[in-house]
Amino acid sequence: MSDPHAPQGDDYSATVLGSHWFSGPPPPQDAAPDRVEGSVLRFGPGVTAALPAPFPVAVTAPPARRRGAGLRRYALAALVLAAVLAYLGWQRFGPALEVRDVAVATDPKGPACDAAADVVAVVRTNGRPGTLTYRWLRSDGTHSEQLTERVPSGQREARLHLLWTFQGAGTYPAKAELELLSPARHTAATDFTYRCSR
């Protein structure tokens, strides 16, 4: 049976569309829906094609966290941080460099003809970092300028050298003295004799 309202013509062909493609005017307000599916109201002739079922998705629960595991991790990090801060604080605000002992020595035979005597001062400290300020005094009435020696942390001994050069023939009793100016005043000296006979 043909639809009297369908348009006539040779090029006309009817196409059946699902109700979800229907784009005509909205249904009248007093029209009853064909069926109710949840909150979706469907109107119109026929039944819409069923949508394909979605792909199954495996849902896995996150692994259960052991109680206290996070606290242990943060406790270790806090312990390391506290140790680093304590070490840096001790380095910066700990006890200052202290001199425990000063000794000066050289070869008791003295230098050879036209040679230099290597006079060595050994300064023992408490191992703290700091700077030693000192000068050398010689028995010929001369002295060095003010010198400094940087002592790194953990080093408990500093060696300070004086090279005293002698020339010519003769005998000369010599004395070299270290005068430590800071961090505290200390003095130490050694005696030797230069002998040269040609």
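How many bridges join E3 to strand E4, and in which direction do the two strands run? Six bridges join them, and the strands run antiparallel. The points below take up this pairing and then the rest of the chain.

1. Status and overall make-up. The structure is a predicted model. The protein contains one helix and nine strands. Read from the N terminus, its elements follow the order β-β-α-β-β-β-β-β-β-β. The protein has 198 residues, of which 21% count as buried. Among contacts between residues at least 6 apart in sequence, 61% join residues at least 24 apart.

2. The sheet around E4. Strands of a sheet pair through backbone hydrogen bonds, either parallel or antiparallel. Here an open sheet of three strands has the order E3-E4-E7, and the pairing is antiparallel. Strand E3 (99-105) and strand E7 (157-165) are the edge strands, each pairing on one side only. On average, neighbouring strands of this sheet are turned by 15° against each other, direction ignored.

3. The E3 and E4 pairing. Strand E4 covers residues 116-125. To find one bridge in the model, start from Val-102: its bridge partner in E4 is Val-123. Val-123 comes up again in point 6, as one of the residues with the most contacts inside the largest nonpolar core.

4. A salt bridge across the sheet. The model has six salt bridges. One of them joins the side chains of Asp-101 and Arg-124, with 3.3 Å from N to O. Asp-101 lies in strand E3 and Arg-124 in strand E4, so this salt bridge ties together parts that are 23 residues apart in sequence. Asp-101 has a relative accessible area of 36% and is partly exposed. Arg-124 is also partly exposed, at 35%. The pair belongs to a network of salt bridges that links Asp-101, Arg-124, Glu-157 and Arg-159.

5. Two further salt bridges. Asp-140 and Arg-138 meet through their side chains at 2.9 Å, N to O. Both are partly exposed: Asp-140 has a relative accessible area of 35%, and Arg-138 has one of 25%. In the salt bridge between Arg-185 and Glu-179, the closest N and O atoms are 2.7 Å apart. Are these two partners buried or exposed? Arg-185 counts as exposed, at 59% relative accessibility, whereas Glu-179 is buried, at 12%. Glu-179 falls on the buried side because the cut-off for that class is under 20% relative accessible area.

6. The nonpolar core. The largest nonpolar core has 25 residues. Which residues have the most contacts inside this core? They are Val-123, Leu-132, Trp-136 and Leu-178. The elements that give two or more residues to the core are E3, E4, strand E5 (130-138), E7, strand E8 (170-182) and strand E9 (186-196). The three strands of the sheet in point 2, E3, E4 and E7, are thus among the contributors.

7. Leu-132 as an example. With its neighbours within four places in sequence left aside, the contacts of Leu-132 include Leu-97, Val-99, Val-123, Leu-147, Val-151, Ala-158 and Leu-180. Other residues in contact with Leu-132 include Thr-148, Glu-149, Ser-182 and Pro-183. A student can select Leu-132 in the model and look for these residues around it.

8. Aromatic pairs. The structure holds five aromatic pairs. Trp-164 and Phe-192 form one that is edge-to-face, with 5.8 Å centre to centre and 85° between the planes. Trp-164 is in strand E7 and Phe-192 in strand E9, 28 residues apart, and the pair links these distant parts of the chain. Trp-164 counts as buried at 3% relative accessibility, and Phe-192 counts as buried at 4%. Phe-192 also pairs edge-to-face with Phe-166, at 5.9 Å centre to centre and 90° between the planes. Phe-166 sits in the loop between E7 and E8, 26 residues from Phe-192. Both Phe-166 and Phe-192 are buried.

9. The aromatic cluster. Which residues do the ring pairs link into a cluster? The cluster consists of Trp-164, Phe-166, Tyr-172, Phe-192 and Tyr-194. Phe-192, in strand E9, takes part in both of the pairs described in point 8.

Key. Residues are numbered from 1 along each chain as its sequence is written. This is a predicted model: local features need pLDDT of at least 70, side-chain atom pairs count only at pLDDT 80 or more; totals for chains, interfaces and linings use all residues. Side-chain values use heavy atoms; hydrogens and water are left out. Two strands pair if DSSP finds at least two bridges between them. Helices (H or I, at least four residues) and strands (E, at least two) are DSSP runs, numbered from the N terminus. Axes are lines fitted to C-alpha atoms, for helices over the stretch in contact, and angles run from 0 to 180 degrees between N-to-C directions. A salt bridge is a side-chain nitrogen of Lys or Arg within 4 Å of a carboxyl oxygen of Asp or Glu. Buried means under 20% relative accessible area, exposed over 50%, partly exposed in between (1.4 Å probe, protein chains only). A nonpolar core is a set of buried Ala, Val, Leu, Ile, Met, Phe, Trp, Tyr and Cys residues joined through side-chain atoms within 4.5 Å. Contact means heavy atoms within 4.5 Å. Rings of Phe, Tyr and Trp (its six-membered ring) pair if their centres lie within 6.5 Å; planes under 30 degrees apart count as stacked, over 60 as edge-to-face and the rest as tilted.
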